[in-house]
Amino acid sequence: MGTVLHQIYEEDFLGFSYGFRPGRGTHDALDALWVGIIRKKVNWVLDADIRDCYGSFSHEWMVKFLQHRIGDRRILRLVKKWLRAGVLEDGVWSETKKGTPQGSVISPLLCNVYLHYVFDLWVQHWRTHRATGEVIVVRYADDMVLGFQHRAEAERFLQDWRERLRKFELELHPDKTRLIEFGRFAAENRKRRGEGKPETFHFLGLTHICGKTWKNGKFIVLRKTIRKRLIAKLKQVKAALRRRMHQPLVEVGRWLRSVVQGYFNYHAVPGNLPSLRSFRLEVRKRWLCVIRRRSQRSRNTWELFERIAEQWLPVPKILHPYPHLRFDATHPR
């Protein structure tokens with residue numbers, strides 16, 4: 001059924017929607033955001049997150065949205081059963097009155113459908129008929145970033161958006177929704193007003209920062225791994241290394257290589273090399289501590305361990321092209 005719904009709604013979903021769609025991933029959304037900020041007149045960024053979107057949307061509205069596009073009653077009946085499947089906790093079943101059942105494979109698609117009607121179509125109409133300046137939109141599931149040319153317009157949009165969500169039983173997360181000054185003129189304007197550096201915002205695991213190129217000092221969006229995410233990943237690695245303390249060194253080395261390489265595969269974007277080096281260095285430190293704890297007579301010095309690390313830990317290097325190169329390749333027009 002999920003495949004059928006995907007095929008139906010792929011024709012309807014808009015271009016700025018990237019989450020859980022075939023042929024689209026997180027880096028496509030990151031590329032689109034980078035290109036939008038660089039090429040459009042973006043002076044203000046609205047970083048928004050819907051509070052508990054998967055667990056809050058209305059079943060009644062969900063069914064209405066599906067009926068608008070799907071005429072097959074069998075599919076609608078299956079979706080209704082799925083929504084009412086409930087949650088089993090400690091052997092006790094409880095009914096699901098809102099949102100989707102936890103862990104349901106169809107939840108991301110239903111969330112996309114809900115936000116397609118509640119947000120995507122509405123924001124497309126808003127920026128076409130109400131906005132006077134340029135507006136960019138990038139949505140990945142319930143995580144959205146919008147860029148505005150004018151602050152007053154951004155504030156008016158935020159007010160209209162809150163009212164729109166309230167109608168469909170959703171709300172913005174107060175702690176994760178911010179309007180910040182961001183763009184090519186942000187640093188200069190804030191300096192003139194005697195304020196600090198432009199604020200940063202997080203999106204899909206990366207912190208976005210106002211920066212300049214080394215060659216000619218032109219504006220560029222710098223991206224680095226969110227520090228909290230990096231620290232959390234290191235804690236996971238440390239705990240896993242302790243559990244594997246007495247496993248053969250070769251076995252641990254193979255496992256650790258896959259972990260570090262997997263981390264690099266996502267975070268190795270242009271400009272993020274210092275974060276990658278920091279991650280590898282911290283992983284090496286934790287591995288050495290675990291090896292030394294295996295025996296009180298351990299003679300593993302840093303120099304000796306360096307040779308072990310060079311054998312098993314991948315060297316950090318940039319694996320992703322600059323966003324505009326990949327974006328232009330996938331969007332030739």
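A residue is called buried when its relative accessible area is under 20%, exposed when it is over 50%, and partly exposed in between. The legends below describe close-up views of a predicted model.

**Figure 1. Glu195 and Arg193 in a network of salt bridges.** With a relative accessible area of 37%, Glu195 is partly exposed. Its partner Arg193 is also partly exposed, at 42%. The two side chains meet in a salt bridge, with 3.1 Å from N to O. Glu181 and Arg190 belong to the network that links Arg193 and Glu195. Side chains of opposite charge can pair when their charged atoms come close.

**Figure 2. The salt bridge between Arg21 and Glu10.** The closest N and O atoms of this pair are 2.9 Å apart. Both residues lie in the loop between α1 (2–9) and α2, and the pair therefore ties together parts that are 11 residues apart in sequence. Arg21 has a relative accessibility of 7% and so counts as buried, whereas Glu10, at 24%, is partly exposed.

**Figure 3. A salt bridge within helix α11.** The side chains of Glu282 and Lys285 meet at 3.5 Å, N to O. Both residues belong to α11 (residues 273–293) and are three residues apart, about one turn of the helix. An α-helix has 3.6 residues a turn, so residues three or four places apart point the same way. Lys285 is partly exposed, with a relative accessible area of 37%. In total, the structure holds 21 salt bridges.

**Figure 4. The two faces of helix α4.** In α4 (residues 59–69), the buried residues are His59, Met62, Val63, Phe65 and Leu66. Seen down the helix axis, these residues fall within an arc of 160°, so they line one face of α4. The exposed residues Glu60 and His68 are carried on the face turned away from the buried side. At the N-terminal end, α4 is capped by Ser58, a side-chain oxygen of which lies 3.2 Å from the backbone nitrogen of Glu60.

**Figure 5. The open sheet and its helices.** Four strands are arranged in the order β4-β5-β1-β6, with antiparallel pairing. The edge strands β4 (135–140) and β6 (178–181) each have a single partner, so one side of each is left without a neighbour in the sheet. From one strand to the next, the twist averages 15°. Six bridges join β4 to β5 (residues 143–148), and Ile136 stands opposite Gly147 in β5. Helix α2 (residues 26–39) packs on the sheet and touches β4 and β5, its direction making about 165° with that of β4. Helix α6 (residues 107–129) lies across β4 and β5 and runs at about 175° to β4.

Conventions: Residues numbered from 1 in each chain as written. Predicted model: local features only at pLDDT ≥ 70, side-chain atom pairs only at ≥ 80, totals over all residues. Heavy atoms only, no water. Buried < 20%, exposed > 50% of the residue type's maximum accessible area, 1.4 Å probe, protein only. Arc of directions from axis to C-beta. Polar contact = N/O pair within 3.5 Å; in protein donor to acceptor, adjacent residues only side chain to side chain. Pairing = 2+ DSSP bridges. Axes fitted to C-alpha atoms, helices over the stretch in contact; angles between N-to-C directions. Contact = heavy atoms within 4.5 Å. Salt bridge = Lys/Arg side-chain N within 4 Å of Asp/Glu carboxyl O.
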